[in-house]
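This report describes selected features of one molecular structure. Its topics are charged side-chain pairs, a sheet with its covering helices, and two individual residues.

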Amino acid sequence: MSTKANDALQERLVSWKRIANYLDCSERTARRWRNAEGLPIHNATGGASGTVFAFKSELDAWLKSRPADKSAAPPQAASAPRQNRAWLVVMVAGALLAAVALSTWSNTRSNRAANTIDPDRIALGAFVVDPAREDAPVLREMLKSKFSVTFARNGLDVVSENSGSSAPAAFELSGALDDAPSGSTISLSLVHQTSGGLLWAKSLGAADEGATAHAGATYAASVLRCLLNFHSAVPEFSAETLRHIARFCDATLDDEAGINIVAFAERIRESAPDNPSANAIFAGTLAITQMSWENWFSKEPLSAAQSRDRKIIAHALSNDPKNRLARSALVLIDAAAARKDLAQAMTILENALGDGISDFYLPHIHGRLLYLAGRHDDAMQQYFIILATNPYDGALRANLAMVLAAQGNNEMAYNHFERAMRDQPARKFIPWVYLESALFYGDPDFAETLVNGVVGEAAELSDLQRSCFNAFLAVRKREGESRSAIKACSELEPWHQFRIFAALGEADRAFAVGQGYWDYAPNGVVYAMLPEFADMRRDQRFWAEAEKFGLIDYWRETRNYPDFCRQDDDLDCDAWITSPNAYQQKASLTP
């Protein structure tokens, strides 16, 4: 991690407990100072019930500015015991980066006038249940409690039906629960309080009322977290623009084929063509798609339109340096422009995170690139940090579980997979990577129950995929032959074939099928860095592909070697990495 990132970690204090320790007072006193005297406390996710953080420099300045006659004034922060500061650095290093992983909400509640709309607050409206049910009152309270608790855990500020608040909520969420023989369904609707317009609606179902309530609450929390991030940054967005933003946020959680996230972002820009923040949302989203694994090493440079967008956003930022959406969009555009140079792109992202710029999923993209570079342990730590303050990000939790499984932590990995499926049951990506992890790392009997059970159904496995996986597991259980598995899997997508053929010890077949898609996607190289493919990494063809995608340049330039370099005892990574043509010089090592 860059020096700037480390400096940012040490500058921030996360949670009331750590802030109070730094001020040498009780948590209750710190809260009172915040409410009565303007102690500079920031809400990391926009709500008083969520994670809070503070900057040491701001706290020190506040302490110095207090009148001398304040009887309750604490000692100056500089006089805090040295060992107490050291304890803070050690104990909160991970928690501090969690604050970097969140958006920095620019408007604190203490600076807002009374009776104005609070752009960070959500009201829970009515939850409708069939009145004929004897348990209807209890069920209504269960739903409201479930949503309220889930939102609070995700850092969202919630009030009940917009009553009794000096600053009314900007949005109101309501729902209706319906029962059917096949299960329960909850229909949600989000209304913009100022205009009264419907911004977003969604129906989600599960096997029973409890699971349905949980799925609805976690999904709504993810959408609202995304929406409030943009609304807090730009409270003047119109109801029409907010409606497009809500649908954009919903689309980011949708695994259906053909979903074009950029098209949703373009509607945001079209609804507010003169708003630089709307332009930044579109440009940042486009850059994110260019940084997917499939497009990471694309030979296509930034388009003329993107270059123009960058100039527009940079000009807007010069007029408004605090526009965090514009700052994040510029980082993404520059990282996308540098994507053929992984070291440069990584440096751009890490410097931005060190400066506290974290909108547009910058921490997620950083974790993705760490994984791409074979730095699985670092990626895992990044995922843990983000999940600490965004616990319902099912896709991110599945990525974490995938790394844990690859490291042999199967029980922990499976728990995270199960949690991710409960939190976001509609995402097909989650059961799919659950199956893959069990196939290659788990007990084959357990993996077989997943393939042929509810997890396989949730992943919507085709007959061809199920046949392939069962044939592969038969080989793992020594009940079948490799050639039967090869035949059963020969019509799958190439990235699945690569992994299965490699796991069967069929290196030639794996590399042959890899040639069909490695020209535009490094998935095969990424897979080959996983622990079970040690034999593949002794083949010069792996190093040839790693060289082509710029990974050797990254490892050599940064000295951030992939994890397998310390895991493969008999692999001399220095010999392969330090010379640009190492893979050719070491061709004699090919099995």
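A salt bridge is taken here as a side-chain nitrogen of Lys or Arg within 4 Å of a carboxyl oxygen of Asp or Glu. The model under discussion is predicted. Side chains of opposite charge can pair when their charged atoms come close.

## Salt bridges

Under this criterion the model holds 22 salt bridges. Three of them are tabulated below, each with its N to O distance.

| Acidic residue | Basic residue | N to O distance |
|---|---|---|
| Asp-334 | Arg-310 | 2.8 Å |
| Asp-309 | Arg-269 | 3.5 Å |
| Glu-479 | Lys-477 | 3.9 Å |

The side chains of Asp-309 and Arg-269 form a salt bridge with an N to O distance of 3.5 Å. Asp-309 belongs to helix 11 and Arg-269 to helix 9 (residues 261-271), so this pair ties together parts that are 40 residues apart in sequence. Both Asp-309 and Arg-269 are buried.

For Asp-334 and Arg-310, the side chains meet at 2.8 Å, N to O. Because Asp-334 is located in helix 12 and Arg-310 in helix 11, their salt bridge ties together parts that are 24 residues apart in sequence. Asp-334 is partly exposed, at 26% relative accessibility, and Arg-310 is likewise partly exposed, with a relative accessible area of 30%.

The side chains of Lys-477 and Glu-479 meet in a salt bridge of 3.9 Å, N to O. Glu-479 has a relative accessible area of 60% and is exposed. Through salt bridges that share partners, Asp-445, Glu-448, Lys-477 and Glu-479 are joined into one network.

## The sheet and its helices

Strands of a sheet pair through backbone hydrogen bonds, either parallel or antiparallel. In this model, five strands make up an open sheet with mixed pairing, arranged in the order 5-4-6-7-8. Strand 5 (157-160) and strand 8 (198-206) are at the edges and have a single partner strand each, so one side of each lacks a neighbour in the sheet. On average, neighbouring strands of this sheet are turned by 25° against each other, direction ignored.

Strand 4 (residues 118-128) and strand 6 (residues 169-180) run parallel and are joined by six bridges. Within this arrangement, Ala-123 has Glu-172 of strand 6 as its bridge partner.

Two helices lie across strands of the sheet. Helix 6 (residues 136-153) crosses strand 4, strand 5, strand 6 and strand 7 (183-192), and runs at about 160° to strand 4. Helix 8 (residues 239-251) lies across strand 6, strand 7 and strand 8, with an angle of about 25° to strand 8.

## Two buried residues

Asn-323 is found in the loop between helix 11 (304-319) and helix 12 (324-337). With a relative accessible area of 7%, Asn-323 is under the 20% limit and therefore counts as buried. A polar atom of the Asn-323 side chain lies 3.2 Å from the backbone nitrogen of Leu-325. Not counting residues up to four places away in sequence, Asn-323 touches Ser-277 and Leu-317.

Gly-367 is placed in helix 14 (residues 362-372). Its relative accessibility is 0%, so Gly-367 is buried. Although 12 residues separate Gly-367 from Ala-379 in sequence, the two are 4.8 Å apart in space, C-alpha to C-alpha. Apart from neighbours within four places in sequence, Gly-367 contacts Ala-379, Gln-382 and Tyr-383.

Conventions
Residues numbered from 1 in each chain as written. Predicted model: local features only at pLDDT ≥ 70, side-chain atom pairs only at ≥ 80, totals over all residues. Heavy atoms only, no water. Helix = DSSP H or I, 4+ residues; strand = E, 2+ residues; numbered from the N terminus. Buried < 20%, exposed > 50% of the residue type's maximum accessible area, 1.4 Å probe, protein only. Polar contact = N/O pair within 3.5 Å; in protein donor to acceptor, adjacent residues only side chain to side chain. Contact = heavy atoms within 4.5 Å. Pairing = 2+ DSSP bridges. Axes fitted to C-alpha atoms, helices over the stretch in contact; angles between N-to-C directions.
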